[in-house]
Every structure is written in C-alpha cells, then in structure tokens.
Amino acid sequence: MKKMTRKGFLKAGGAALVVIAGKRIAGTEGAAAAPPPPPGALTAKRWAMVVDLARCREKEGCTACIAACHREHNVPQFNDRAHEVKWLWKEPYANVFPENAAQYTEAAERGGPVLVTCNHCASPACVRVCPTQATWQREDGIVMMDWHRCIGCRYCVAACPYGSRSFNWEDPRPHISHLNANYPTRTKGVVEKCTFCEERLAKGQLPACVEACPAKAIVFGDIEDPKSEVRAVLRERFSLRRKPELGTQPHIFYLI
Amino acid sequence: MRDQGIIYAGLVLFLGVITLPITYNLAAGNTSRPPEVKLPVNSKQCVAPVEYMRVSHMRLLLNWRESVVRNGVRTYRTLDGRTFDMSLTRTCLEQCHTNKAEFCDRCHNYMAVKGPYCMDCHVDPKLAATAVASAAKPEAQP
C-alpha cells in the first residue's frame with residue numbers, strides 16, 4: 001500500500017468535508033416539505049372570508065354565527081366587559097371603518113353593526129411580536145395559536161390593530177354554559193382568538209359561522225383560486241377591508 | 001446508671017418519633033401497594049406497548065400536540081398499523097380510558113405528580129356530559 005503523505009491526507013479530508021456538507025444541504029431541503037393534509041380535509045393556498053353586510057343585516061339582531069362559533073369553541077361569557085372574551089362579534093360601523101365614516105354618512109351607518117373577527121392578515125402584527133411563537137401564520141394564511149405555548153404577555157393584544165384578541169383574566173371554565181368536549185377550553189392567562197375553524201377544515205367542514213348563517217352572508221374559500229366563490233363575489237362587488245392603510249393585508253372582506 | 005429510667009424512656013420516645021411516618025401510615029391503612037388503576041374494558045391494546053406508555057405517555061401526548069397544532073398532522077399510526085385520531089379527549093378518554101378518575105388521577109395521585117395541566121383545558125367527556133345536563137335543566141323548566 002502506498003504511504004499516505006500529509007498532502008494526500010489533507011486532500012482526502014477536504015473532499016470528505018465537501019461530500020458531507022453537500023449531503024447535509026440536500027437532506028434539510030428534503031425535510032422542509034410540509035406534511036400532506038389529512039384525507040378529506042378542505043385545503044387552500046390562502047383562506048379568506050367575505051361578509052356580505054346587506055345579507056347579514058337582513059334579519060335584525062341575528063347572532064346565529066356568533067352563537068355557533070362561541071358554542072363550538074367553548075368561548076366563555078363574562079358579564080364584566082373588562083373580562084370579555086370574543087372570537088366573533090358585532091361592532092358599530094364607525095368603529096370598524098373609522099376612515100370611511102363621515103359626519104354625513106350616519107344614515108348609511110345606521111344600517112346596523114358589522115360582523116368582526118380576526119382578519120388573518122397576510123402581515124400579522126401579532127405574530128411579529130409574540131415572544132414564544134405561540135401564534136404564527138400557517139402556509140394557508142391562517143393565523144394560528146398554540147395555547148400550550150402562550151405565556152400571557154399580551155404583546156399580541158397590544159399589537160393587533162383590530163382588537164381581535166381576548167385575554168383570559170379569569171378561569172373561563174365556570175363561564176362556559178355548554179361545554180363542548182370536542183374542543184379544549186383555555187385557562188386563565190392565555191390569549192385566544194378566531195382560528196378560521198382550522199379543526200373543522202381538517203375534517204372537511206366549513207367554519208361554524210359560515211355554516212350557521214341563515215342568510216348565507218359569509219363566503220369562505222381560497223382567494224388564490226380564481227375559480228373560487230370568494231373571488232367571484234369580489235370580482236363583482238365593491239368590497240372594503242379594515243384599516244388597509246396599515247399594510248396588514250386583512251383577509252376578511254366586506255361587501256358594502 | 002442512676003438515670004436508667006430517663007434514658008430508656010427517652011430512647012423509646014425517640015424511636016417513636018422517628019418511626020412516626022411509618023406507624024402513622026400503617027395506622028391510617030396506607031400501604032406501599034401500587035394504585036389499583038381501572039383498565040379499559042372495551043379495548044385491550046393501547047396506541048403503544050404498555051411498557052412504553054407507562055414511562056412515556058406524557059412524551060407521546062406532547063408529540064401529538066406538536067403534530068396536531070403546529071404541523072396539522074392529526075392521524076397517528078401505531079407500530080402494528082392501526083390508525084387513531086391524535087386527541088386526548090376523543091381518542092384516549094372517550095374510546096378507552098373512560099374513567100379518568102380511576103385511571104389517570106389514581107396513578108398521578110399515588111406518584112404525587114403535581115399538575116399535568118392537560119385537563120385544565122382539554123375536556124373530560126364525562127364532565128362535559130354532566131355540565132350539559134346541569135346547564136340544560138333550568139331551561140327545561142317553563
């Protein structure tokens with residue numbers, strides 16, 4: 001056998017390092033692929049919701065969607081407004097679209113309150129500030145929460161320009177009238193909000209509010225799919241988004 | 001040895017005090033027997049071998065949580081090929097360990113495991129049933 005020189009040894013070592021590095025890079029690229037969705041699940045490139053306000057106001061004082069959502073997700077009802085927890089609720093027009101409210105538009109605003117929830121922004125401020133990554137954006141655009149990881153710092157509550165996040169100041173369990181065993185509750189010290197019913201989407205069901213609306217005022221679908229229903233209604237009618245000037249790119253659209 | 005009586009009395013007292021934890025438990029009927037957990041009746045095989053579950057069930061549940069919440073993978077495939085929904089409530093508690101108090105709690109209490117906080121949020125189906133029943137009662141009255 002030929003004797004290994006120092007030069008030969010260094011050459012062989014360098015070649016081995018290059019091979020190992022190459023394998024590492026190839027390996028991490030392969031592992032980064034997202035796991036396949038469960039069979040039967042509703043999937044989208046980018047989920048979005050359209051609320052038709054005219055239809056929503058057809059039945060005055062209707063809260064079917066709110067009731068369905070809060071029942072489904074064990075959202076507590078606190079009588080004290082300071083402790084309020086809400087995923088989906090109604091807000092006066094002037095509060096929802098302050099930039100579109102003028103002193104002469106009062107009559108139009110009297111049309112009724114506007115349904116609001118988490119906007120699942122494309123550029124969510126809450127995600128940027130969360131120190132524990134308890135809230136993050138999924139690939140399909142849903143701004144998700146991992147309540148296990150939430151430490152209750154409320155940075156996200158402060159960051160969200162839409163007030164879409166609620167904090168549990170007290171133990172919510174005693175304030176839930178109908179406990180739904182299929183969905184967890186939260187504990188004291190945890191922030192919660194709408195998750196676009198990701199647990200229902202995984203089972204192939206539409207969000208609870210969409211399903212519960214008697215006037216079919218809420219349209220939900222893939223906004224990246226040109227053939228989807230959300231794209232169809234947005235093509236035909238004028239829509240508003242909340243505080244677009246902030247650049248958060250909300251994905252809840254309102255048909256006026 | 002004039003203080004014989006005092007010394008022996010002191011020794012007896014000392015032994016009594018130092019063995020108090022043992023005698024106290026004996027008198028109270030507490031023994032070192034392991035807890036009698038109630039095993040599921042409607043299924044024989046857990047999602048993993050019993051030895052693994054006994055030691056690492058918390059790790060399995062943590063993996064499930066990570067998988068469901070963060071990766072969106074909700075189905076668990078066991079080593080012998082069966083598939084389960086990764087859910088503490090719907091799979092573990094509803095399908096097998098229907099009696100949480102006599103399975104989970106009994107062992108946790110025995111081992112003095114303070115607060116796996118799972119049940120602070122995840123709902124025991126039994127609790128939900130009673131809660132709904134009690135909530136429905138006042139509505140039933142006209």
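Colleague: In which sense do strand 9 and strand 10 of chain A pair, and over how many bridges?

Modeller: Strand 9 and strand 10 of chain A pair in the antiparallel sense, over two bridges. Two strands count as paired if DSSP finds at least two bridges between them. Helices (H or I, at least four residues) and strands (E, at least two) are DSSP runs, numbered from the N terminus. One bridge position to look at is Ser239(A), which stands opposite Leu255(A) in strand 10 of chain A.

Colleague: Before we go on, what should I know about the model and its numbering?

Modeller: The model is predicted, and local features need pLDDT of at least 70, side-chain atom pairs count only at pLDDT 80 or more, while totals for chains, interfaces and linings use all residues. Residues are numbered from 1 along each chain as its sequence is written, and chains are lettered from A and ligands numbered from 1 in the order in which they are written.

Colleague: Happy with that. How do I read the sheet, and in what order do its strands stand?

Modeller: In general, strands of a sheet pair through backbone hydrogen bonds, either parallel or antiparallel. Here four strands of chain A form an open sheet in the order 8-1-10-9, with mixed pairing. Strand 8 (218–222) and strand 9 (239–240) of chain A stand at the edges with a single partner strand each, so one side of each has no neighbour in the sheet.

Colleague: Which strands does strand 1 of chain A pair with?

Modeller: Strand 1 (residues 47–52) of chain A runs antiparallel to strand 8 of chain A, and five bridges join them. Within that pairing, Met49(A) has Phe220(A) as its bridge partner. With strand 10 of chain A, strand 1 of chain A pairs in the parallel sense over four bridges. There, Val50(A) stands opposite Phe253(A) in strand 10 of chain A.

Colleague: Which helix lies across these strands?

Modeller: Helix 10 (residues 229–236) of chain A lies across strand 1, strand 8, strand 9 and strand 10 (252–255) of chain A. Helix 10 of chain A runs at about 115 degrees to strand 8 of chain A. For such angles, axes are lines fitted to C-alpha atoms, for helices over the stretch in contact, and angles run from 0 to 180 degrees between N-to-C directions.

Colleague: Now the two chains together. How many residues of each are in contact?

Modeller: Two residues are in contact if their C-beta atoms, placed from the backbone, lie within 7 Å. By that rule, 19 residues of chain B are in contact with 16 residues of chain A. On the chain B side, helix 3 (50–71), helix 4 (88–96), helix 6 (118–121) and helix 7 (125–140) of chain B give two or more residues each. Helix 7 of chain B gives the most, with five residues.

Colleague: How many residues of each class are on that side of chain B?

Modeller: The side of chain B that touches chain A has nine nonpolar, five polar and five charged residues. Ala, Val, Leu, Ile, Met, Phe, Trp, Tyr, Cys and Pro count as nonpolar, Asp, Glu, Lys and Arg as charged, and the others, Gly among them, as polar.

Colleague: And the chains as a whole: are they spread out or compact?

Modeller: The radius of gyration is taken over C-alpha atoms, and the globule rule is 2.2 Å times the number of residues to the power 0.38. Chain A has 10 helices and 10 strands. Its radius of gyration is 24 Å, well over the 18 Å that the rule gives for 256 residues, so chain A is more spread out than a compact globule. Chain B has seven helices and two strands. Its radius of gyration is 24 Å, well over the 14 Å given for 142 residues, so chain B too is more spread out than a compact globule.

Colleague: What share of each chain is buried?

Modeller: A residue is buried if 20 or more other C-beta atoms lie within 10 Å of its own, exposed if 12 or fewer, and partly exposed in between, with C-beta atoms placed from the backbone. Buried residues make up 34% of the 256 residues in chain A and 9% of the 142 residues in chain B. Of the nine residues of helix 2 (residues 20–28) of chain B, zero are buried, so helix 2 of chain B lies largely in the open.
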